[in-house]
Amino acid sequence: MPFDKDQFLSSVSRILRAEYAAEIPTATEKELYNAVSRAVMEQALEQKQPVHAKRCAYFSAEFLMGRAIFSNLLNLGILEEAEGALASVGRSLNCFEDVEDAALGNGGLGRLAACYLESAASCDIPLDGYGIRYRYGLFRQTFEDGYQHEEGDDWLKWGDPWSIPVERDAVVVHFDDLDVKAVPYDMPIFGYKNGVVNNLRLWSSEAVQPFDFAAFNEMKGERKAEENFLATKICDVLYPNDNTMVGKILRLRQQYFLVSASLQDILKKHLAAGYALKDLPAHRCFQLNDTHPVLAIPELLRLLQSHGMTFEEAFAVASKCFNFTNHTILAEALEKWDALALSDLLPDVFEQIVACQNRLEAEGLSKEKYFIIRDNVVHMANLAVYVSSKVNGVAEIHTGILKSETFADWYELYPKKFVNITNGITPRRWLLLNDPALAKLIDGKIGEGWHTELSELKKLKPFVSELLPDFKRIKRQNKEKLAAYIKEHEGVELPPDFIFDVQVKRLHEYKRQLLNAFSILYFYQKIKRGEAKDFPPTAFIFGAKAAPGYYMAKAVIKFINEIAALVNGDEEVNRYMRVVFVQNYNVSYAEKLVCAADISEQISLAGMEASGTGNMKFMLNGTVTLGTMDGANVEICEEAGKDNNYIFGATVDEVAEIKRYYCPREILETNPDLKRAVEMLTDGTFSDELGMLEKLQGSLLSGHDPDRYLVLYDFPDYVRVKEQLLKEYGTDEYYKKCLLNLAAAGKFSADRSVKDYNRLIWKLK
Ligand code: 26W
């Protein structure tokens, strides 16, 4: 976008005056943020967008967008110009570091959706997002006495200057017990320096009729008032579960609200353009981001029939339009809904699900494995697989497991339906924006082509040795910045010459933060015994939110916080190690952590992490992976070389066999240091009024499936490889590995992913 400094500043002044009666030099940060954003929006939306023959709609219950302002300015090509203009009047973009993240997502799946929107716009692929405008996003996390506390996330505190409410596109969504108005808020998605603007449409729920005081006073209005209350509640809050299905009716309402509003909107536009409904597949396709929006299938069937199609005609259209991405194989994450509850809330939609089940049986698919409705439970994944054109997993190993286990019977039936599309991340946010110094260093060596063609990073290979000093210097500066930030926000001092060993992601037992925690206690004991005089000083950094109802995950947070207090408070030990669990880990925190890490911990039990995308972010920022052969780690090793990373642990093929005879207590008998670490959970070393640590120990040693995720089994190999990594740290050998990973990160661009989706599935121009 062309940038005219005077025009920009005069727009900002005009908006400040009109909206806030304020002037640039004295406006509050919030006022300035809104005025700058609106000034940019005004200009950026002037460009006319081409009309495409076919568009894809990405249906997702989550979009974890993070902060918009810096990324939008970068993509519009005016980041430095806007900073310069503001500087000339004594202001700076830096104060927008306090703007809230738009955290309308939990973790991987939501952040992936955000990366894909950015990449599609940057690759000129006509992809639009459809989601829910939650009033409160993912909770804010604090620690009190080491325990996690949750507070509401008021993400609109600073306003929402990047959205436009489009009242004329409002539609009514019908539930059996109430009607709700859905109002769209459109957020432009700017492609990287290419003039493309795609759209993210987030629906907000409102009462259909405004509150009627007269009726309310006559008592008639009481039911109406309740309905209005329920209508606004639908979009109140994002469900904070990641990988665990909780069968709440309000969540079902959210899901239907999203898909019904989106499909009504899309069909309305399709008809208004003069197209026939039977031609929908020529103009539209829909990507279902996991099962959360799968009610779109029966809803489309219902809508098409309400326009006069037969069920079979509607089915033919739907099966050409829908595609489904699976993001997890965890049994507890697979969405199932009680058939009675669903038919009560949405009888007409349920009728369509029954029709699909009948069709499936009529086709002779008599195996129960295929059933959409079985024992009064609706299996959303089966509905999705049955009707969709394509089903995809998110990394090679994950797609393999879908074919051989999760959906094995389906795969036998429809082998061509299944494809792999390995996840990716946008290199704009995850390198250009979060580490501008490193980006500049790369630009200087190989030019700027990599900004939009990430595989060009491989051109760095011949320069690896030459780049080492600059790379070390930049990493050091990033560590200093992070240390200052952590000091300010967490009150913990991390010397920047320590190794920064980072594990940040949602808290889940399968991700095994506990394995990392035990290794810290193992090193702690060695230091205490005086056996680790040459232990390289290391800072163990954690960040993770636990779902509020996930007891064991919260216990792990408490455990690590107790370890942090023990280690950091011990003068003998804190010369060798520090531990910090940062509060409220989110996208913006990730941007700071990822470029300052020396070690990327990706240590899930093999077979459990569908892909992981944090692993890719660290790799792109020149960090070696300490990890298992799981998810996209496998492909990271293929691209960068296994020898350039630090791999340990049981492989997927070994896991099933190990679990057959597994006895965690036996492992402890052969490993006294580990035994001691596990005992420390309950021997009084740590304070824990709530008794969480005892239950945590119980989950490892007793119950029907003790140590379900093989933490103790993988411990010896983990520590062996970790010690080797810590020993190699700081050598040229080590830094070369960092840069070779960076140079090999090309495959993990979300640009490549969205192009794969387009080539294999959407087939848009
Ligand atoms: C119904 C509760 C629920 C909520 C969220 C179930 C499942 C989910 C998501 C599918 C969980 C998720 O975010 N999965 C992650 O998706 C990423 C993007 O593909 C992968 O990189 C991660 O490995 C996967 O855990």
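The following questions and answers look at the ligand and its surroundings in this predicted model.

Visitor: How many residues surround the ligand?
Guide: A residue is counted here if one of its heavy atoms lies within 4 Å of the ligand. The closest residues are His-327, Asn-423, Glu-609, Ser-611 and Gly-612. By type, the shell divides into seven nonpolar, eleven polar and four charged residues, and the number of residues that surround the ligand is 22.

Visitor: Which residue has a side-chain N or O atom 2.7 Å from an oxygen atom of the ligand?
Guide: Ser-611 places a backbone N or O atom 3.0 Å from a ligand oxygen, while Asn-423 has a polar side-chain atom at 2.8 Å from an oxygen atom of the ligand. The side-chain N or O atom at 2.7 Å belongs to Glu-609.

Visitor: What percentage of the area that the ligand exposes when taken alone does the protein bury?
Guide: The ligand sits in the largest cavity. Taken alone, the ligand exposes 570 Å², and the share of this area that the protein buries is 98%.

Visitor: Which two domains does the ligand lie between?
Guide: Helix 5, which covers residues 108-122, supplies the largest share of the shell, with three residues. Both domain 1 (55-62 + 105-134 + 166-423 + 754-762) and domain 2 (475-742) give residues to the shell around the ligand. The ligand therefore lies between domain 1 and domain 2.

Technical notes. Residues numbered from 1 in each chain as written. Predicted model: local features only at pLDDT ≥ 70, side-chain atom pairs only at ≥ 80, totals over all residues. Heavy atoms only, no water. Polar contact = N/O pair within 3.5 Å; in protein donor to acceptor, adjacent residues only side chain to side chain. Areas by Shrake-Rupley, 256 points an atom, 1.4 Å probe, with all protein chains shown as cover. 1 Å grid on protein atoms, 1.4 Å probe; cavity = no way out; pocket = protein on both sides within 12 Å on 5 of 7 lines; lining within 4 Å. Sits in = over half its atoms within 2 Å of the grid points. Helix = DSSP H or I, 4+ residues; strand = E, 2+ residues; numbered from the N terminus. Nonpolar A, V, L, I, M, F, W, Y, C, P; charged D, E, K, R; others polar. Domains from an automatic or database assignment.
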